[in-house]
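Please open the structure in your viewer and keep the sequence panel visible. The tour below proceeds by selections, each followed by a description of what is to be found there.

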Amino acid sequence: MKPALNAVTRVLSSLGATVINATARAGFGARFFMALIRQSPASFMRPQLILKEIYQAGVLSLIIVLMSGLFIGMVLALQGYETLVRFGATESMGVLVALSLVRELGPVVAALLFASRAGSAITAEIGLMKTTEQLSAMEVMAVDPIARVVSPRFWGGVISLPLLSALFSTMGIYGGYLVGVRLIGIDGGAFWGQMQAAVDWQHDVMNGVVKSVVFAFAVSLIAVFEGYDAQPTAEGVSAATTRTVVTSALAILALDFVLTVFMFRGGLN
Amino acid sequence: MRFMTAANAFSSPAASPPNRELSESCEPLVELKDVSFGYTRDRQILSGVTLTVPKGKLVAVMGGSGCGKTTILRLLCGQIRASSGEVLVGGQSVATMDTEQMFAHRRRLGMLFQFGALFTDMTVFDNIAFPMHEHTELPDDIIHDLVMMKLNAVGLRGTAQLKPSELSGGMARRVALARTIALDPQIALYDEPFAGLDPISLSVVGQLIRRLNDALGMTSILVTHDIAESLKIVDYIYFISEGRVVAQGDVASIKASTDPFVRQFVDGEPDGPVRFHYPSSKTLAEDFA
């Protein structure tokens with residue numbers, strides 16, 4: 001009887017510890033977010049800090065985002081042709097490629113790439129600054145690390161990702177054009193004309209932009225929070241970086257579903 | 001200068017007022033009154049520490065690794081709060097400061113971190129210019145001259161455009177020292193300033209700390225293991241062991257002391273009141289069985 005009781009006690013104790021830790025982390029996260037919002041105006045007073053982070057997170061992510069966009073557009077065109085040719089609708093390839101990219105793949109894949117490339121870098125950088133006491137040094141110098149380090153990185157990410165998403169979609173459409181028109185031989189006029197007629201600025205493009213802005217807030221917040229909350233050890237920074245990529249990916253996909261339900265509904269009523 | 005007589009300098013804090021003469025000799029700027037602190041409930045780092053640092057003095061805090069020396073500096077910076085007792089700077093309790101007061105308090109401080117804590121994404125020049133850019137409206141050419149003066153003081157003017165990753169450990173520490181004194185702070189806190197320095201740099205840095213303290217009218221607290229160098233430059237020494245002040249006195253008193261703790265520390269003896277081995281629940285024989 002006693003061993004069973006001990007086992008139950010252990011399970012309850014472990015469960016309690018998990019709940020307490022999760023609650024404490026949620027509380028810390030909320031306080032962190034409020035501090036971030038409070039310090040944001042100070043960051044915008046020093047735009048050179050945010051510009052530097054836009055370069056780090058945005059400009060340095062250009063190659064991976066542009067190349068991925070190009071290849072995804074090319075694959076979309078090839079796969080789309082396989083299906084469209086059965087229905088004699090190959091001229092609609094431009095519509096298929098453009099809608100797929102601006103509504104879904106552009107914001108989602110660009111955000112996933114951004115989380116992997118820039119989000120992980122932001123987490124690792126802030127985590128290492130914590131480990132090497134650089135954040136403590138700032139505090140002791142009466143400089144708030146949230147204002148000086150966290151906020152510029154957060155806003156740099158928020159500004160960069162929607163722009164990267166737009167470039168991703170643009171490159172994807174160009175990739176689709178290369179394969180569909182230049183390689184397969186679909187009529188270029190039909191490709192661009194049908195795309196222009198079918199893609200709605202408000203319904204398709206702007207909804208895609210809204211998605212990328214929401215993803216940008218989510219990924220940037222996760223990245224800076226995980227870095228700031230990292231255990232100040234090599235393992236702690238490594239774990240925080242992993243958490244950034246995993247949590248961001250799940251958040252992007254879950255938010256994408258929710259936003260799609262509200263924006264496009266599909267068969268849902 | 002002697003703050004206490006040799007007779008009472010090394011008695012335990014409980015047996016006599018620990019540093020009455022030190023605090024009476026000058027206006028106290030930094031005071032810890034019966035301060036206790038622990039990062040966890042199970043393990044106390046500091047237990048009832050009382051110490052005083054008068055204005056304009058250079059005071060060393062010494063003790064074995066993990067005895068709570070750095071914790072004292074963190075308490076003074078307001079990065080952690082004492083679980084009991086009072087930490088006073090300029091008569092004001094650090095624990096009760098609001099955010100504005102804390103930032104004002106920290107602007108009076110300069111702290112050299114144990115591992116330098118240089119900003120790795122900035123050059124040496126930008127590291128030292130950082131507090132100037134953050135807290136002053138000085139024009140760039142003035143900041144340039146000030147930074148070069150600080151770098152010249154630590155003998156590293158030629159490293160201005162290098163990144164911290166391009167410096168040796170000792171050089172990085174000297175750069176960190178230059179950043180600590182960038183704004184000529186009222187109170188300077190040095191955490192192991194001599195670690196990793198070659199003999200020449202060690203002597204120069206030691207003398208620099210002393211000269212800065214005197215020339216700028218600073219008050220300095222030096223946490224170090226380097227007793228030989230410290231005895232050359234400090235006014236007063238506190239010895240900490242197991243979270244308590246176990247001995248204290250001026251340089252002459254320390255040198256003349258027969259207190260077993262002080263003698264063990266000064267002479268570097270393996271046997272004495274300070275245990276070399278971390279406590280273990282098993283005997284050596286049991287561990288090798």
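Which residue of E9(B) does Val59(B) stand opposite? Select Val59(B) together with E9(B): the residue opposite is Tyr236(B). Please note that this is a predicted model.

**The sheet of chain B**

Extend the selection to the strands E6, E7, E8, E3, E9 and E10 of chain B, which in that order make up an open sheet of six strands. The pairing within this sheet is mixed. At the edges lie E6 (109-112) and E10 (244-250) of chain B, each of which pairs on one side only. From one strand to the next, the twist averages 15°.

Begin at the E6(B) edge. Here E6(B) pairs with E7(B), residues 187-191, in the parallel sense, and four bridges join them. To see one of these positions, select Leu112(B), whose bridge partner in E7(B) is Tyr190(B).

Next, select E3 (58-63) and E9 (236-241) of chain B. These two strands pair in the parallel sense over five bridges. Five of the six residues of E9(B) are buried, so the strand is largely enclosed by the rest of the structure.

Now add E10(B). In what sense do E9(B) and E10(B) pair, and over how many bridges? The pairing is antiparallel, with six bridges. Two positions are worth displaying: Ile237(B) has Gly249(B) as its bridge partner in E10(B), and Phe239(B) stands opposite Ala247(B). The hairpin formed by E9(B) and E10(B) has two residues between the strands, and Glu242(B) takes a positive phi near 50° in this hairpin. Although E10(B) is an edge strand, seven of its seven residues are buried, so it is largely enclosed by the rest of the structure.

**Helices across the sheet**

Show helix H8 (residues 199-215) of chain B, which lies across E3, E7 and E8 (219-223) of that chain. Its direction is at about 155° to E8(B). Then show helix H11 (residues 260-267) of chain B, lying across E3, E9 and E10 of chain B. H11(B) runs at about 100° to E9(B).

**Helix H3 of chain B**

Select residues 69-77 of chain B, which form helix H3. Why is H3(B) described as largely enclosed by the rest of the structure? The reason is that seven of its nine residues are buried. They are Lys69(B), Thr71(B), Ile72(B), Leu73(B), Leu75(B), Leu76(B) and Cys77(B). After the helix comes Gly78(B), with a positive phi near 80°.

**A helix pair in chain A**

Move to chain A and select helices H4 (residues 93-131) and H9 (residues 234-263). Their axes come within 8 Å and cross at roughly 150°, which means that H4(A) is roughly antiparallel to H9(A). The crossing is right-handed. Among the residues of H4(A) that make the contact are Val108(A), Ala111(A), Leu112(A), Gly119(A) and Thr131(A), while those of H9(A) include Gly236(A), Val237(A), Ala240(A), Ile252(A) and Asp256(A). By class, this contact of H4(A) with H9(A) has eleven nonpolar, ten polar and one charged residues.

**Where the chains meet**

Finally, display chains A and B together. Ten residues of chain A are in contact with 14 residues of chain B. The side of chain A that touches chain B comprises five nonpolar, three polar and two charged residues.

Notes:
Residues numbered from 1 in each chain as written. Chains lettered and ligands numbered in written order. Predicted model: local features only at pLDDT ≥ 70, side-chain atom pairs only at ≥ 80, totals over all residues. Contact = placed C-beta atoms within 7 Å. Nonpolar A, V, L, I, M, F, W, Y, C, P; charged D, E, K, R; others polar. Buried ≥ 20, exposed ≤ 12 C-beta atoms within 10 Å, placed from the backbone. Axes fitted to C-alpha atoms, helices over the stretch in contact; angles between N-to-C directions. Parallel < 35°, antiparallel > 145°, perpendicular 65-115°, else oblique. Left-handed = near helix turned anticlockwise from the far one by under 90°. Pairing = 2+ DSSP bridges.
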